[in-house]
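Visitor: Could you take me through the pocket side of this one, and then show me what sits around it? I'd like the cut-offs as you go.

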Amino acid sequence: GFHPSNVGRLVQGLNSFIPATPYGVLLMLEHFNIPTKGKNAVVVGRSNIVGRPMSILLSGDRPQGNAHVTLCHRYTPKDELIKITQQADILVVAVGIPEFLTADMIKPGAVIIDVGITRVEDATAKKGFRIKGDVNYEQAITKASASSFSTAGG
């Protein structure tokens, strides 16, 4: 899904391989019957593996698409990022910073999809580390909708 020819096909809406993680997000949206058409989706992260393809897929003319998409990243000014994420009906977070997204950044009832995976040292863990997502799960769950989910946080 990352070859330049394939990426070009993806951008143009042509038949292509979809990178695995964005494809998994699309399948989750479908499985949980989360509407995307006309929704305000914010993707936090701009990698070629998740962020950029995810923004293209959510904005595309497809069943789990047709959303209004805003793409942010770790260098989006914090005050601006908070304003943008607070407007999101759907948040896909893939910035690579553990617990980056906090409750003050979330619109009540938003759907949050945390695809961040970072090893964090933890001497109390059997392997000496824990996996943390990019969303502060304990805070986010208080604001997210009942149909929200997190792949790493909880």
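Guide: Here is the pocket, followed by the fold, some loop residues and the rings. Keep in mind that this is a predicted model, where local features need pLDDT of at least 70, side-chain atom pairs count only at pLDDT 80 or more, and totals for chains, interfaces and linings use all residues. Residues are numbered from 1 along each chain as its sequence is written, and side-chain values use heavy atoms, with hydrogens and water left out.

The largest pocket has a volume of about 160 Å³. A pocket here is an open set of points on a 1 Å grid over the protein atoms alone, where a 1.4 Å probe fits, with protein on both sides within 12 Å along at least five of seven lines. Grid points are joined across faces, edges and corners, and the volume is the space filled by probe spheres set on the points. Lining residues have an atom within 4 Å of a point, and here they are Leu10, Val11, Gln12, Gly13, Leu14, Ser16, Ile18, Ile56, Leu57, Gly60, Asp61 and Arg62. The elements that give two or more residues to this lining are α1 (4-11) and α3 (51-59). By character, the lining divides into six nonpolar, four polar and two charged residues; Ala, Val, Leu, Ile, Met, Phe, Trp, Tyr, Cys and Pro count as nonpolar, Asp, Glu, Lys and Arg as charged, and the others, Gly among them, as polar.

Now step back to the fold. The protein chain has five helices and six strands, which from the N terminus on run α-α-β-α-β-α-β-β-β-β-α. Both kinds are DSSP runs numbered from the N terminus: helices are H or I with at least four residues, strands E with at least two. The C-alpha atoms fill a box of roughly 50 × 35 × 30 Å along the principal axes. The radius of gyration is 15 Å, which agrees with the value near 15 Å for a compact globule of 154 residues; it is taken over C-alpha atoms, and the globule rule is 2.2 Å times the number of residues to the power 0.38. Of the 154 residues, 42% count as buried, meaning under 20% relative accessible area, with exposed over 50% and partly exposed in between (1.4 Å probe, protein chains only).

On to the loops. Asparagine 15 is in the loop between α1 and α2 (20-31), and counts as exposed because its relative accessibility is 66%. Its C-alpha atom is 26 Å from that of valine 93, 78 residues apart along the chain. Asparagine 33, in the loop between α2 and β1 (40-44), has a positive phi of about 50° although it is not a glycine. Asparagine 66, in the loop between α3 and β2 (68-72), has a positive phi too, near 60°, and is partly exposed at 29% relative accessibility. Glycine 96 lies in the loop between β3 (90-93) and β4 (111-114). Glycine 96 and glycine 133 are 37 residues apart in sequence but 8.0 Å apart in space, C-alpha to C-alpha.

Last, the rings. The charged end of lysine 78 sits over the ring of phenylalanine 100, 5.0 Å from its centre, and that of arginine 119 sits over the ring of phenylalanine 129, at 4.2 Å. The test asks for NZ of Lys or CZ of Arg within 6 Å of the ring centre and within 35 degrees of the ring normal.
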